[in-house]
Amino acid sequence: RAVATWANSRAALDLNRLGREVNALQTLRPKVRILVSRSARLWDAMLDNHYWKLMLQTYEALNLNGVPLGFVFEEDLANGKAPECELLIAPYTFQIDSAALATLKRSGVRIATLGGNSLKCDRYNRPHPTSALPEPFRRIDEKAFQEKPVVTMGQLLKETGTGPKFSVLVDRRPAERIEWRSATLDGRQLLNLCNYGQKAVVAEVAGEDGQALDLLSMEKVSLRAFRLEPQQVRLLVR
């Protein structure tokens, strides 16, 4: 199709032209990771604990807060590999292998749990000894998360110092349909955004003044108010 060919060619040209900027955004080291437990996934299928649903919602809410994300897998923990992050989030992870839990406790990583029984049972759904449980650094309020997941995760990131330096707002509220990342390159601040909503929005970078250059369109935009059409991507630099 002509339109698809044009789009692919444009993307290739932009990647050649902006390779260093894209690399700076793609190689950000995750400060926050989400715990992925095969044990919890299997028991979720039998008990309908909503683990997989809540894990995906957690990923989406964090992603829309502009943080680069990673995962920590139960199998790696069970083999003694400590998580490489500043904050580990365990959403409805009710079951986890005993060896994996021991690695978590030894690592001393800060843990935020969503769901009162997270990390409480082994892979056979038997309660872990109380002495084996790591102390969560934060317990995420379930009701608040269900009502406002993006806002709740944004507050967690702010409280733990693991979020980005600024935030993207729409109508003075956290943007719930804009995916974004920021990075620094040669002393300049990069901001990559895409509007995944179905309506055009006017966004702002909270607390920032002045203008930025959109490296894709070569248009100068105000950081206090710039328009994003549905599916539009911007790569701003200042």
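Biologist: Where does Asn-125 lie?
Modeller: Asn-125 sits in the loop between S4 and S5. Keep in mind that this is a predicted model.

Biologist: Is Asn-125 buried or exposed there, and why?
Modeller: Asn-125 counts as partly exposed, because its relative accessibility is 28%. Buried would need a value under 20%.

Biologist: What about phi of Asn-125?
Modeller: Phi is near 65 degrees for Asn-125. That is a positive value, and the residue is not glycine.

Biologist: And what is phi of Leu-119?
Modeller: Leu-119 has a positive phi as well, near 70 degrees, and this residue is also not glycine.

Biologist: Where is the place of Leu-119?
Modeller: Leu-119 is in the loop that runs between strand S4 (110–114) and strand S5 (138–140).

Biologist: Why does Leu-119 count as it does, buried or exposed?
Modeller: Relative accessibility is 3% for Leu-119, so this residue counts as buried.

Biologist: OK, on to the sheet. What order do the strands of the open sheet have?
Modeller: There are 5 strands, ordered S2-S1-S3-S4-S5, and the pairing is parallel. Strand S2 (69–73) and S5 are at the edges. Each has a single partner strand, so one side of each has no neighbour in the sheet.

Biologist: How many degrees does the twist average?
Modeller: From one strand to the next, the twist averages 30 degrees.

Biologist: How many bridges between S1 and strand S3?
Modeller: S1 and strand S3 (residues 87–91) pair over 3 bridges, in the parallel sense.

Biologist: Which residue in S3 is the bridge partner of Val-32?
Modeller: Leu-87 in S3 is the bridge partner of Val-32.

Biologist: Which strands does helix H4 lie across?
Modeller: Helix H4 (residues 51–63) lies across S1, S2, S3 and S4. H4 runs at about 170 degrees to S1.

Biologist: And which strands does helix H8 touch?
Modeller: Helix H8 (residues 149–160) packs on the sheet and touches S1, S3, S4 and S5. The direction of H8 makes about 170 degrees with that of S5.

Biologist: Which helix does Thr-160 lie in?
Modeller: Thr-160 is in helix H8. Its relative accessibility is 7%, so Thr-160 counts as buried.

Biologist: What does Thr-160 touch?
Modeller: Leaving out residues up to four places away in sequence, Thr-160 touches Leu-87, Arg-110, Phe-137 and Arg-138. There is also a polar contact of 2.8 Å between the side chains of Thr-160 and Thr-162.

Biologist: Back to S1. Where is Ser-37 found?
Modeller: Ser-37 is in the loop between strand S1 (32–36) and helix H3 (38–47). At 1% relative accessibility, Ser-37 counts as buried.

Biologist: So what does Ser-37 touch?
Modeller: Ser-37 touches Tyr-51, Glu-74, Thr-93, Gln-95 and Ile-96. That does not count residues up to four places away in sequence.

Biologist: New topic, pockets. What volume has the largest pocket?
Modeller: The volume of the largest pocket is about 740 Å³.

Biologist: How many residues line the largest pocket, and which lie nearest its centre?
Modeller: The lining of the largest pocket has 28 residues. Val-22, Leu-25, Gln-26, Asn-192 and Val-233 lie nearest its centre.

Biologist: Which elements supply at least two residues of the lining?
Modeller: Helix H1 (2–17), helix H2 (19–26), H4, S2, strand S8 (178–185), strand S9 (188–195) and strand S14 (233–237) each do.

Biologist: What gives the most to the lining of the largest pocket?
Modeller: H1 gives the most, with 6 residues.

Methods
Residues numbered from 1 in each chain as written. Predicted model: local features only at pLDDT ≥ 70, side-chain atom pairs only at ≥ 80, totals over all residues. Heavy atoms only, no water. Helix = DSSP H or I, 4+ residues; strand = E, 2+ residues; numbered from the N terminus. Buried < 20%, exposed > 50% of the residue type's maximum accessible area, 1.4 Å probe, protein only. Contact = heavy atoms within 4.5 Å. Pairing = 2+ DSSP bridges. Axes fitted to C-alpha atoms, helices over the stretch in contact; angles between N-to-C directions. Polar contact = N/O pair within 3.5 Å; in protein donor to acceptor, adjacent residues only side chain to side chain. 1 Å grid on protein atoms, 1.4 Å probe; cavity = no way out; pocket = protein on both sides within 12 Å on 5 of 7 lines; lining within 4 Å. Points joined across faces, edges and corners; volume = space filled by probe spheres on them.
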